[in-house]
Amino acid sequence: MTTATQSANNGQPAMQTPPVVSPQDWEAARQQLLVKEKAHTRARDALAAERRRMPWMEVDKTYAFEVPSGKASLLDLFQGRKQLILYRAFFEPGVFGWPDHACRGCSMVADQVAHVSHLNARDTTLVFASRAPQADIARLKQRMGWEIPWVTITDSFDADFGVGEWHGTNVFYRDGMRIFRTYLIKSRGDEQMGGTWNYLDITPLGRQEPWEDSPAGYPQSPTYKWWNWNDSYAEGAAPDKKWVEVSDAGEKALREKGAQ
């Protein structure tokens, strides 16, 4: 039976909704679509594997940013970690919403960002960058409840990396004092950003788990074992023994269920 939901707006056509079916038919339809969902997941994993094999571009130019403590270089933004994800957010004079708000789309991205401690645990730093002065950025972050590190662009960084006129997310890798650009995602590609997994999937090292298809020698540690509460990560600490037992039991149960 096909249903039609009457629109509340006069003159608008009724919404043609899907049929209403029995629980058994609903589950059958879900299982049919699940095949495509799983194929989509595998394709996404394969795309991430290709990203990890994309060539790198060395960054030779020096860039300067303003941060709460003063001045900082691009190297400083890594905060000692190997990977840097830098999102160009539009908050500056001339942007709709200034000076009270950042761009609405950029603000939605900021609202979706997961706790950065999980990225930090994978040797990855997330930073937002705009052209607004630090005082305005601090005011905006307090108003909106954002805790993301947010710097001020002072030179041609945004233009040089394809985000001078439109938002975008650049990814960099640090090898000692050398910096390499490894990826750029922009426009609708930024829709998926915000979650820990999606951020890690655009980095050169990925999630750093054994199931991933990564080049030889890339750092990896057991799946699930590195996960922690956002206030409980300790650099260099071994995985919690109880959590290892719990996650091992969960993995075993999933494998047994999949074999049925």
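This report walks through a central strand, a helix packed against it, a cysteine pair and some salt bridges. The model is a predicted one, so read everything below in that light.

**Strand β6 and its neighbours**

Let's start with β6, which covers residues 83-88. Of its 6 residues, 6 are buried, so the strand is largely enclosed by the rest of the structure. The side chains split in the usual two directions: Q83, I85 and Y87 point one way, while L84, L86 and R88 point the other way. Both sets are buried, and that includes Q83 and R88.

Which strands pair with β6, and do they run parallel or antiparallel? Strand β7 (residues 124-130) runs parallel to β6, and 6 bridges join the two. Strand β9 (residues 168-175) runs antiparallel to β6, again with 6 bridges. If you want a residue to click on for each pairing, try L86, whose bridge partner in β7 is V127, and then L84, which stands opposite F172 in β9.

**Helix α3**

Next up is α3, residues 104-112. Its buried residues are C106, S107, V109 and A110. Looking down the helix axis, these buried positions fall within an arc of 155 degrees, so they line one face of α3. Over on the other side of the helix, R104, M108 and D111 are exposed. And what covers the buried face? The elements that do so include β6 and β7, which brings us back to the parallel pair from the previous section.

**Two cysteines, no disulfide**

C106, on that buried side of α3, has C103 for company. How many disulfides turn up in the whole structure? The search finds 0. For C103, the nearest cysteine sulfur is that of C106, 3.5 Å away. A disulfide would need the two sulfur atoms within 2.5 Å, and C103 is in no disulfide. The same goes for C106, whose nearest cysteine sulfur is that of C103. Their surroundings read like this: C103 is partly exposed, at 22% relative accessibility, whereas C106 is buried, at 2%.

**Salt bridges**

The count comes to 15 salt bridges. Three of them are set out here, with the N to O distance for each.

| Pair | N to O distance |
|---|---|
| R52 and E212 | 3.4 Å |
| R53 and D213 | 2.8 Å |
| R188 and E191 | 2.8 Å |

Take R52 and E212. R52 sits in the loop between α1 (23-51) and β3 (57-58), and E212 in the loop between α7 (196-201) and α8 (241-259), so their salt bridge ties together parts that are 160 residues apart in sequence. Both ends are tucked away: R52 is buried at 2% relative accessibility, and E212 is buried at 6%.

R53 and D213 also link distant parts of the chain, with R53 in the loop between α1 and β3 and D213 in the loop between α7 and α8, 160 residues apart. Here, though, R53 is partly exposed at 42% relative accessibility, and D213 is partly exposed at 46%.

As for R188, the partner of E191, its relative accessible area of 65% makes it exposed. Finally, some salt bridges share partners, joining R88, E92, R131 and D158 into one network. R88 in that network is a residue of β6, and a buried one.

Notes:
Residues are numbered from 1 along each chain as its sequence is written. This is a predicted model: local features need pLDDT of at least 70, side-chain atom pairs count only at pLDDT 80 or more; totals for chains, interfaces and linings use all residues. Side-chain values use heavy atoms; hydrogens and water are left out. Buried means under 20% relative accessible area, exposed over 50%, partly exposed in between (1.4 Å probe, protein chains only). Helices (H or I, at least four residues) and strands (E, at least two) are DSSP runs, numbered from the N terminus. Two strands pair if DSSP finds at least two bridges between them. A salt bridge is a side-chain nitrogen of Lys or Arg within 4 Å of a carboxyl oxygen of Asp or Glu. The arc is that of the directions from the helix axis to the C-beta atoms. Contact means heavy atoms within 4.5 Å.
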